[in-house]
Amino acid sequence: MAFHVMLVPTLGCPSDCKYCWSSEEGSPVMGVDIIKETVEWLKNFREEPVTFTFHGGEPLLAGYDFFLEALPLLANELSHLKPAFALQTNLWNMTPELARLFKEYNIPIGSSLDGPEELNDLQRGKGYYQRTMKGYEIAREEDLQVSFISTFTSYSIQYKEDIFNFFLENGLNLKLHPALPSLRDENPEKWALSSEEYGELLIYLLDQYLEHMDEIELKNIDHLCKCVFIRRGVVCTFVDCMGDTFAVGPDGSIYPCYRFVGMPEYVMGNVQDHPSMDDLAQSDAWKLLHDFKDYVDTECKKCSYIKFCRGGCPYNALSINEKTGKAEINGVDPHCTAYKMIFKEITKRATKEMLGSGMGMIQGVSDNNPQTKRGIMSIMLKQS
Ligand SMILES: C[S@@+](CC[C@H](N)C(=O)[O-])C[C@H]1O[C@@H](n2cnc3c(N)ncnc32)[C@H](O)[C@@H]1O
Ligand code: SF4
Ligand code: SF4
């Protein structure tokens, strides 16, 4: 089974998005020494293929020289793991030089834009849109593949049609994040999207996608339909991610995912010690996340979707115990309601199509909804 290492060169970021769960002022920036130690750590860690995603904070703050040294080290010294790369960035610091380097390593780029300029800048700060679009143009000039995350909040959900049309009309591929309360924020609920709203949003986007599949890629809908079709999670949210996903912070600390970087209670080890899987398994963070797996096996036992939901994301499920101040698991992912809504809708439509015309199922044209041109099977069978 392939595994995933997120490299977080810094939690620093020049932007100040209102709901951000990641950025941290004054965060140190990773040096190439940590990449060298990461290489040593992974040489004998596992045998399977690895994907490295540069994440943040804002990873491009690490600068051109860092990537110029880091990429060949990871690609050449770990060639037996067939490394693939990805990058998640706001693109503000993209330069032609960096874009050429990323092209050389065939790196797909994820960026972040919440929708039209006014709405985006209200959530992500004035001037954000222009700076990201400038970086996008540079990336496109070097023929890099770029797709966008739009974070839907309690505010932007009112404009879901405008947001979808914005991405459609501008030919930008889209993935959505429902804004979650940040474990770092003093007013965490302000921007958070409720689970019911998220469920309705997914159903709305499912219909839009069926109409516009040739014009746009909507990754969450692709993933959700595939999960139901193959009855197994296809993204980290819907699998037992523990043990197959790691994040390395600026000082070499190893965490279960980028979302935990900078939170000392979730440190599982450090790349400089070249820990084995067994070493990491001794950490409290590992145990906490494994408690989540056991919790899901009990709590979600009767749910029809357990095989391809697995309780959702364990980070989302954590809550802070007000007495001890410590994070604990006492629920599943708070978006359970949304997952049930969309899995039910997909299952219902797929069943209806399968019971209908066999031709319709294969060609994906059998949905009875006059608004939609295709059926759900066309998404399930779509090549990724
Ligand atoms: C944390 S950023 C890091 C990479 C880069 N700076 C960027 O913005 O793409 C990755 C993604 O997480 C999203 N994000 C940040 N805080 C969030 C929250 N509280 N809930 C949901 N998504 C969030 C951001 O909008 C962004 O799309
Ligand atoms: S650009 Fe990314 S890391 Fe920076 S504040 Fe916005 S969401 Fe957070
Ligand atoms: S939909 Fe809810 S109850 Fe069902 S497996 Fe997912 S989190 Fe558990």
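Is Ala281 buried, exposed or partly exposed, going by its C-beta neighbours inside 10 Å? The count comes to 15, so Ala281 lands in the partly exposed group: being buried would take 20 or more, and being exposed 12 or fewer. You'll find Ala281 in helix H9, which covers residues 277-281. Its C-alpha atom sits 24 Å from that of Thr324, a residue 43 places away along the chain. One thing to keep in mind as you look around: this is a predicted model.

**The sheet**

Let's turn to the strands. Nine of them form an open sheet with mixed pairing, in the order S6-S5-S4-S3-S2-S1-S7-S8-S9. Strand S6 (174-178) and strand S9 (269-270) are at the edges with a single partner strand each, so each has one side without a neighbour in the sheet. In general, strands of a sheet pair through backbone hydrogen bonds, in either a parallel or an antiparallel way.

Start at the S6 edge. S6 runs parallel to S5, and five bridges link the two. Phe148 is the residue opposite Leu174 of S6. The side chains of S6 take turns: Leu174, Leu176 and Pro178 are buried and point to one face, whereas Lys175 and His177 point to the other and are not buried.

Now hop over to the S9 edge. Here the partner is strand S8 (residues 253-255), which is antiparallel to S9 and joined to it by two bridges. In this pair, Ile254 is across from Gly269 of S9.

**The core and helix H8**

As a rule, nonpolar side chains in soluble globular proteins tend to be buried together. In this model, the largest nonpolar core has 99 residues, and the members that touch the most others are Val8, Leu205, Ile221, Cys225, Ala247, Val248 and Tyr255. Helix H7 (residues 195-212) provides the largest share of this core, with seven residues.

Cys225 is worth a second look. Leaving out residues up to four places away in sequence, Cys225 touches Ile346, Ile376, Ile379 and Met380. Cys225 is also one of the buried residues of H8, alongside Asn220, Ile221, Leu224, Lys226, Cys227 and Val228. The cover over the buried part of H8 includes S6, H7, H11, helix H13 (336-355) and helix H15 (376-380).

How far apart are the end C-alpha atoms of helix H8 (residues 219-230)? They are 16 Å apart, which agrees with the 16 Å that twelve residues should span at 1.5 Å a residue.

**Three ligands, three shells**

Here's how the residues around each ligand split up by class.

| Ligand | Nonpolar | Polar | Charged |
|---|---|---|---|
| Ligand 1 | eight residues | eleven residues | one residue |
| Ligand 2 | three residues | seven residues | three residues |
| Ligand 3 | eight residues | two residues | two residues |

Ligand 1 has 20 residues around it, and the closest are Ser22, Ser112, Ile149, Thr151 and His177. Strand S4 (109-112) and strand S5 (146-152) each give at least two residues to this shell.

For ligand 2, the shell has 13 residues, with Cys13, Ser15, Cys17, Cys20 and Asn90 the closest.

Which residues are around ligand 3? Among them are Cys300, Cys303, Cys309 and Cys336, along with Tyr305, Tyr339, Asp333 and Lys340. H11 and H13 each contribute at least two residues to this shell, and H13 gives the most, with three.

**Some backbone oddities**

Most peptide bonds are trans, and most residues other than glycine have a negative phi. A few spots in this model go the other way. The peptide bond from Gly56 to Gly57 is cis, with omega near 20 degrees. Gly57 belongs to the loop between strand S2 (50-54) and helix H2 (64-77).

Then there are the positive phi values. Asn106 isn't a glycine, yet its phi is positive, at about 55 degrees. Asn106 lies in the loop between helix H3 (96-104) and S4, and it is exposed because 10 other C-beta atoms are within 10 Å. Arg310 has a positive phi near 55 degrees too, and its place is the loop between helix H11 (306-309) and helix H12 (314-317). What about its surroundings: is Arg310 buried or exposed? Arg310 counts as buried, because 24 C-beta neighbours are inside 10 Å. Finally, Arg231 comes after H8 and has a positive phi near 60 degrees.

Methods: Residues are numbered from 1 along each chain as its sequence is written. Chains are lettered from A and ligands numbered from 1 in the order in which they are written. This is a predicted model: local features need pLDDT of at least 70, side-chain atom pairs count only at pLDDT 80 or more; totals for chains, interfaces and linings use all residues. A residue is near a molecule or strand if its C-beta atom, placed from the backbone, lies within 6 Å of it. Ala, Val, Leu, Ile, Met, Phe, Trp, Tyr, Cys and Pro count as nonpolar, Asp, Glu, Lys and Arg as charged, and the others, Gly among them, as polar. Helices (H or I, at least four residues) and strands (E, at least two) are DSSP runs, numbered from the N terminus. Two strands pair if DSSP finds at least two bridges between them. A nonpolar core is a set of buried Ala, Val, Leu, Ile, Met, Phe, Trp, Tyr and Cys residues joined through C-beta atoms within 7 Å. Two residues are in contact if their C-beta atoms, placed from the backbone, lie within 7 Å. The expected span of a helix is 1.5 Å times one less than its number of residues.
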